Amino acid sequence: MQQDLIYDLLIVGSGIAGASLFHQATRDGASFGRVLLLEQFELMHSKGSSHGESRIIRVAYDDYHYSLMATKALEMWPSVKDFENFFVKTGGLDIGQLDDENVNKVAKVSKERGIEHEVLIGAQLRQKFPQFTGLPDDTLAVYSPEAGILNPNKIRTVLLSDYDHEKHSIVEKERVESIIEGEDDIITVVTSSGKRFQTRKLSICVGAYSKKFLKQHFDLDIKFEVLRMCYVYWKLTEKAVQENVLTAANSPIWIAWGLDPFSDRPLDLAYYGFPEWEKKGYIKSATHKVFGDLERGFDPDERAQQIDSNQERPVEKEKLQAMQTYLKKVIPEGLVKLDESYEELINEKDRVVTCMYEMTPTEDFVIDYIPTKSGKKNISTFLGGSGHGFKFGIVVGEMLNELMKKEVSIDSSFEVCSVPREKFSINHIL
Ligand SMILES: Cc1cc2nc3c(=O)[nH]c(=O)nc-3n(C[C@H](O)[C@H](O)[C@H](O)COP(=O)(O)OP(=O)(O)OC[C@H]3O[C@@H](n4cnc5c(N)ncnc54)[C@H](O)[C@@H]3O)c2cc1C
């Protein structure tokens, strides 16, 4: 890393978007001579959204274009070194009540796109997947065999190490504090320790930190919300471990949409879960909705400080108990220890983990140029992973790479997977 060099591309942020762009832009034959990535914390920190050992990847989607992108992602991930170490195919289930909008859309898009899938209702589902025997007769499910699990920590380790170290650089623990657009097409980036880096192109991949970042550096007020989510590791019983009932080899990932089938409360439910894979003896489940205002609109910098001083507010009791009750009703008795108290769960290290969702109003990503004072198309951004961005990382990296290599018009589609540029326009959040 040299401060007197002019880089061809400077990337801010080492989450999955920044890491994937770095990977795509530094591959052999890529058009950037020198690329630099700056990260404010150590590379494998947990103060963003890309940490952990499992993320769902699925092609059965309730949206045509995301389904298309996910198919492309499944084609592209194997090009990354050690792919077999960070992916497992499990198949996936989308579950809801018969008239659930999301599950019906998943079935529709899968049919339109000719994706292999199976529609299962009530008893058919219970018969095929005895892990879900508690689900009632009016359950609609779409099973897609292509779904699986990606390991974020392993993927990012490869993306951020498999490059030509003579040409390109990664600098951690340097926070971008100022961005100066020069008249000569050169952008100067100044970091927290006073270092100055010069670059021709800049890509900003700062996840949940985007709202403050775009206000501070470009005076943009974006419609964007940060939510705190959590996931929980549930202990398997000895019987489940010995009989391998809930392992990745024989149990799919699942997403439960819509209303809670066991509650007369109008509880908006979206839970999802993973079989035993990342941690021997545990399955994992998570929530996709917040349970109250406490988890909305907080400042990622404050959360980062709380994590550093071990003072993060524990996850709400009602939230954990609702998830526990749901699992108790769905999974047959005797496989998972679902009687642990809130205190036991919260007090055991790494049983309940928090993470941030960064949501745009439509839950669509933004992959676009940033409108700058000069009007030049030399600064791009990815933001709004909105709880489902990880799986697309490798495709998002290539989309940003396309934007940075040459000016791409808003009327065109991304070459990598034929999604119209308009879908991910920054205008949606301005
Ligand atoms: C609990 C949870 C479960 C999820 N499950 C799934 C799933 O199953 N499947 C799926 O596909 N997706 C899932 N997602 C979504 C996915 O993980 C995110 O969309 C994705 O990781 C976002 O990546 P990112 O690179 O945009 O942001 P981040 O990972 O947050 O990276 C941004 C980086 O920018 C750095 N940065 C910020 N400001 C600065 C600065 N000033 N200077 C330098 N660096 C800076 C940050 O430190 C951070 O490292 C989940 C997310 C969460 C939270």
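The domain bounds used in this tour come from an automatic or database domain assignment. The model itself is predicted.

**First stop: the ligand.** Select domain 1 (6-50 + 153-223 + 362-429) and domain 2 (90-150 + 225-359) in two colours; both contribute residues to the shell around the ligand, so the ligand lies between them. Next, display the 38 residues around the ligand, among which G15, G48, G207, G385 and G389 come nearest. Four elements each give two or more residues to this shell: α1 (16-26), β3 (55-57), β13 (225-235) and β17 (352-359). Colouring the shell by class will show 20 nonpolar, 13 polar and five charged residues.

**Second stop: strand β14.** Select residues 253-256, which form strand β14. I253 and I255 lie on one side of the strand, W254 and A256 on the other, and all of these are buried, so that both faces are covered. Now add strand β5 (residues 92-97), which pairs with β14 in the parallel sense over four bridges. Within this pairing, D94 stands opposite I255. Then add strand β15 (residues 271-274), whose pairing with β14 is antiparallel and runs over three bridges. Here W254 stands opposite G273.

**Third stop: the largest nonpolar core.** This core has 120 residues; select L10, I11, V35, A70, A73, I95 and F382, which touch the most other members. Helix α12 (residues 393-405) supplies the largest share, seven residues. Domain 1 and domain 2 each provide at least three residues to the core. To finish, centre the view on I11. Leaving aside residues up to four places away in sequence, I11 touches G18, L21, F22, V35, L37, S203 and C205.

Note on methods: Residues numbered from 1 in each chain as written. Predicted model: local features only at pLDDT ≥ 70, side-chain atom pairs only at ≥ 80, totals over all residues. Near = placed C-beta within 6 Å. Nonpolar A, V, L, I, M, F, W, Y, C, P; charged D, E, K, R; others polar. Buried ≥ 20, exposed ≤ 12 C-beta atoms within 10 Å, placed from the backbone. Pairing = 2+ DSSP bridges. Core = buried A, V, L, I, M, F, W, Y, C linked by C-beta atoms within 7 Å. Contact = placed C-beta atoms within 7 Å.
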